[in-house]
Amino acid sequence: QVQLVESGGGLVQPGGSLRLSCVASGSISSIFVMGWYRQAPGKQREWVATITRGGKTNYADSVKGRFTISRDMAKNTVYLEMNSLKPEDTAVHYCYAGAVVADNANDYWGQGTQVTVSS
């Protein structure tokens with residue numbers, strides 16, 4: 001099993017910045033990818049960014065150039081640095097991990113952290 005705990009959300013003005021953190025615990029060695037998704041009110045959950053075990057990163061077009069995903073393996077933590085925030089970035093942001101546990105690929109989710117971009 002893998003447990004994920006997010007932090008760092010909040011209220012920020014348009015153009016501002018926030019950094020989200022996600023601490024993983026449990027079967028850390030089984031994780032092969034981590035990332036962030038978000039869900040705005042009345043919309044489906046959408047992919048934001050991922051980072052693989054090898055360090056390869058990918059971003060949704062809507063955040064490319066503004067958001068940066070990174071990790072600190074010593075702290076079992078993944079970060080999402082969000083700059084030039086827009087009102088349309090307002091959503092609950094969820095940390096995600098893909099892991100192989102007992103020969104099965106499983107998806108794990110954090111509880112979510114609210115990001116609100118408003119003046």
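Author: Welcome! A strand is a DSSP run of at least two residues, numbered from the N terminus. In this predicted model, His93 is found in strand E9, residues 91-101.

Reader: Why is His93 called buried?

Author: Buried means under 20% relative accessible area. His93 has 0% relative accessibility, so His93 counts as buried.

Reader: What makes the link between His93 and Ala91 a polar contact?

Author: The cut-off for a pair of N or O atoms is 3.5 Å. The side chain of His93 reaches the backbone oxygen of Ala91 at 3.1 Å, so this pair is within the limit. Away from its sequence neighbours, His93 is also in contact with residues including Trp36, Leu80 and Met82.

Reader: How do you know that Glu46 and Arg38 form a salt bridge?

Author: The nitrogen must lie within 4 Å of the carboxyl oxygen. For the side chains of Glu46 and Arg38, the N to O distance is 2.6 Å, so the pair qualifies.

Reader: Why is Glu46 called partly exposed, and Arg38 buried?

Author: Partly exposed lies between 20% and 50%. Glu46 has 35%, so Glu46 is partly exposed. Arg38, at 5%, falls under the 20% limit and therefore counts as buried.

Reader: What makes Asp61 exposed and Lys64 partly exposed?

Author: Exposed means over 50%. Asp61 is at 66%, so Asp61 counts as exposed, while Lys64, at 49%, counts as partly exposed. Their side chains meet in a salt bridge at 3.2 Å, N to O.

Reader: Which residues are linked in a network of salt bridges?

Author: Arg38, Glu46, Arg66 and Asp89 are linked in this way. Within the network, Arg66 and Asp89 meet at 2.8 Å, N to O, and both are buried.

Conventions:
Residues numbered from 1 in each chain as written. Predicted model: local features only at pLDDT ≥ 70, side-chain atom pairs only at ≥ 80, totals over all residues. Heavy atoms only, no water. Helix = DSSP H or I, 4+ residues; strand = E, 2+ residues; numbered from the N terminus. Buried < 20%, exposed > 50% of the residue type's maximum accessible area, 1.4 Å probe, protein only. Polar contact = N/O pair within 3.5 Å; in protein donor to acceptor, adjacent residues only side chain to side chain. Contact = heavy atoms within 4.5 Å. Lists of a residue's contacts leave out its neighbours within four places in sequence.
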